[in-house]
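Subject: Structure for you to look at

Hello,

Here is the structure I said I would pass on. Please open it next to this email and find each part as you read.

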Amino acid sequence: MDTRARIVDRLHRFEPVEIVADGLRPAAVALAVAEESGVSGVWMTLRSSQLRAHPGQFALPGGRLDPGETAVDAARRELREELGVDLDPSAVLGRLDDYRTRSGYVMTPIVLWAGSGAEVAPNPDEVAHVFHLSFAELDVDPEFERIPETDRPVIRLPWRGDHLHAPTAAVLHQFREVVLHGRPTRVAEYDQPPFAWR
């Protein structure tokens with residue numbers, strides 16, 4: 001079974017949890033699976049330091065839904081606006097659990113297939129740098145912190161001598177569990193560090 005077929009199969013077996021926004025703002029992020037030099041991975045960005053929201057943080061391409069827009073539409077649009085990658089609706093492979101962020105969003109992760117040969121053209125107004133996180137880099141055990149601000153464990157992922165933090169770390173961890181290993185792992189109970197609450 002090739003990579004795309006395996007991802008589709010595992011997402012098909014997974015039952016994502018949806019959260020009613022209920023006063024929170026709906027948003028979507030794109031987990032775009034791309035092959036670079038024969039290596040499968042997903043794109044992640046370092047957000048521009050000029051952005052009002054979460055400047056200089058690592059993030060998946062994404063943002064809030066426009067009026068009348070679905071999560072799938074928003075994930076595809078944000079991928080196009082941030083990275084210059086325009087994927088057809090047929091590139092959508094599935095989705096993961098909605099994740100409630102401390103900054104007031106319900107975030108829906110959409111998994112898409114970019115494959116090989118997609119050229120990234122980051123928008124400098126939004127993106128300072130683009131990273132291709134290989135599946136090997138994503139296949140790491142998370143670390144958990146206990147902090148006085150919350151009773152929930154705060155998740156982070158070791159990455160290139162540093163750490164990725166939630167909400168991005170929570171979504172990437174669930175991608176690892178569901179897509180790479182076929183394990184129906186939930187991440188709603190994992191919290192974010194205080195700097196991500198704003």
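Below is what was found, taken part by part. Please keep in mind that this is a predicted model.

Strand β1

Start with strand β1, residues 25-36. Strand β1 runs parallel to strand β7 (residues 105-116), and 11 bridges join the two. One place to see this is A28, which stands opposite T108 in β7. Strand β1 also pairs with strand β4 (residues 62-64), this time in the antiparallel sense and over 3 bridges. There, V29 has G62 of β4 as its bridge partner.

A further antiparallel pairing, over 4 bridges, links β1 to strand β2 (residues 39-47). In this pairing V33 stands opposite V42, and A34 stands opposite G41. The two strands form a hairpin with 2 residues between them. In the turn, S37 has a positive phi of about 55°.

When you look at any of these strands, remember that side chains in a regular strand alternate between the two faces of the sheet.

Strand β2

Is β2 enclosed or open? It is largely enclosed by the rest of the structure, because 7 of its 9 residues are buried. Besides β1, strand β2 pairs with β8 in the antiparallel sense, over 7 bridges. R47 has V127 in β8 as its bridge partner. Strand β2 also pairs with strand β3 (residues 58-59), again in the antiparallel sense, over 2 bridges. Here L46 stands opposite F58.

Helix α1

Helix α1 covers residues 3-13, and T3, I7 and L11 in this helix are buried. These residues lie on the same side of α1, since they cover an arc of only 60° around the axis. The face turned away from that buried side carries H12 and R13, which are exposed. Which elements cover the buried residues of α1? Among them are β1, β2, β7 and α4 (168-180).

Aromatic residues

How many aromatic pairs does a search of the whole structure find? It finds 5. One of these pairs is F131 with W159, in an edge-to-face arrangement, with 5.0 Å from centre to centre and 90° between the planes. F131 belongs to strand β8 (residues 127-134) and W159 to strand β10 (residues 154-159), so the pair ties together parts that are 28 residues apart in sequence. F131 and W159 are both buried. Together with F58, they form one aromatic cluster. F58 is also the residue opposite L46 in the pairing of β2 with β3.

A ring is involved in another way at Y105: R25 lies over the face of Y105, at 4.2 Å from the ring centre.

The loop residue E69

Last, look at E69, in the loop between β4 and α2 (71-83). Is E69 buried or exposed? E69 counts as buried, because its relative accessibility is 16% and the cut-off for buried is under 20%. The side chain of E69 has a polar atom 2.8 Å from the backbone nitrogen of D66. The side chains of E69 and R77 are joined by a polar contact of 2.7 Å. If neighbours within four places in sequence are left aside, E69 is in contact with R64, A74 and R77.

Regards

Technical notes: Residues numbered from 1 in each chain as written. Predicted model: local features only at pLDDT ≥ 70, side-chain atom pairs only at ≥ 80, totals over all residues. Heavy atoms only, no water. Pairing = 2+ DSSP bridges. Buried < 20%, exposed > 50% of the residue type's maximum accessible area, 1.4 Å probe, protein only. Arc of directions from axis to C-beta. Contact = heavy atoms within 4.5 Å. Phe/Tyr/Trp six-rings, centres within 6.5 Å; stacked < 30°, edge-to-face > 60°. Lys NZ or Arg CZ within 6 Å of the ring centre and 35° of its normal. Polar contact = N/O pair within 3.5 Å; in protein donor to acceptor, adjacent residues only side chain to side chain.
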